[in-house]
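I opened a fresh notebook page for this chain. My plan is to look things up one at a time and write down what I find.

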Amino acid sequence: MPVPPAYTDEQIREVSVPVQVLLGARSALLDAEAVAARLAGVAPSWRVEIVPGTGHALPAEAPDLVVERILAFPGHVRAENATPKHGTDGG
């Protein structure tokens, strides 16, 4: 029995920020190919990647790849380039 979608197509279309989706190719919780196909039709600007050899525990199975994708994603601010919210000069 297929799992109903967590979000409607309309809700997905309303997202106005960059989105990257990493899917484990052998996830037991979802059909990665079907999810990727749905997102390609509903939100073609989203980056969707199916990672071979991984399942639903993708961050534990391919941590280096996940970190690489996060650091390369648009809008990501590296700590050394971030402006601190609180000054350290006491004033």
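**Entry 1: the surface patch.** I started at Val-67, which sits in helix α4, residues 63-72. The model I am reading is a predicted one. Val-67 has a relative accessible area of 46% and is therefore partly exposed. I then looked for nonpolar company at the surface. Val-67, Ile-70 and Leu-71 make a nonpolar surface patch of about 230 Å².

**Entry 2: the overall layout.** I stepped back to the whole chain. I count four helices and two strands. Read from the N terminus, the order of elements is α-β-α-β-α-α. The chain has 91 residues, and 21% of them are buried. I noted an accessible surface of about 6,900 Å² for the chain. Carbon and sulfur atoms hold 58% of that surface.

**Entry 3: contact range.** I checked the contacts in the chain with a separation of 6 or more. Of these, 70% are between residues 24 or more positions apart.

**Entry 4: the core.** Which residues form the largest nonpolar core? I listed 10 residues: Ile-12, Val-19, Val-21, Leu-23, Ala-32, Ala-36, Leu-39, Val-42, Ala-43 and Trp-46. Two elements give two or more residues to this core, namely β1 (20-24) and α2 (32-42). Helix α2 gives the most, with four residues.

I then picked Trp-46 out of the core list. What does Trp-46 touch, if residues up to four places away in sequence are not counted? I found Ile-12, Val-15, Val-19, Val-21 and Leu-39.

**Entry 5: salt bridges, the tally.** I turned to charge next. Side chains of opposite charge can pair when their charged atoms come close. My search gave four salt bridges.

**Entry 6: Arg-38 and Asp-9.** The side chains of Arg-38 and Asp-9 form a salt bridge, at 2.9 Å from N to O. Why does this pair tie together separate parts of the chain? Arg-38 lies in helix α2 and Asp-9 in helix α1 (residues 9-13), so the salt bridge joins parts 29 residues apart in sequence. I looked up how open each side is. Arg-38 has 29% relative accessibility, so I logged Arg-38 as partly exposed. Asp-9 has 31%, so Asp-9 went down as partly exposed too.

**Entry 7: Arg-26 and Glu-61.** Here the N to O distance is 3.5 Å, and the side chains of Arg-26 and Glu-61 meet in a salt bridge. The pair links distant parts of the chain, 35 residues apart. Arg-26 is in the loop between β1 and α2, and Glu-61 is in helix α3 (residues 58-61). Is Arg-26 buried or exposed? At a relative accessible area of 52%, Arg-26 is exposed. The cut-off for exposed is over 50%. Glu-61 comes to 37% relative accessibility, so Glu-61 is partly exposed.

**Entry 8: Arg-69 and its network.** I closed with the salt bridge between Arg-69 and Glu-68. Their closest N and O atoms are 2.7 Å apart. Which residues are joined into one network by salt bridges that share partners? The network consists of Glu-49, Glu-68 and Arg-69. I checked accessibility for two of them. Arg-69 is at 21% and partly exposed. The line for buried is under 20%. Glu-68 has a relative accessible area of 49%, so Glu-68 also counts as partly exposed.

Notes: Residues numbered from 1 in each chain as written. Predicted model: local features only at pLDDT ≥ 70, side-chain atom pairs only at ≥ 80, totals over all residues. Heavy atoms only, no water. Core = buried A, V, L, I, M, F, W, Y, C linked by side-chain atoms within 4.5 Å. Buried < 20%, exposed > 50% of the residue type's maximum accessible area, 1.4 Å probe, protein only. Contact = heavy atoms within 4.5 Å. Patch = residues over 30% accessible without salt bridge, like charges linked within 9 Å, V, L, I, M, F, W, Y side chains within 5 Å. Areas by Shrake-Rupley, 256 points an atom, 1.4 Å probe, with all protein chains shown as cover.
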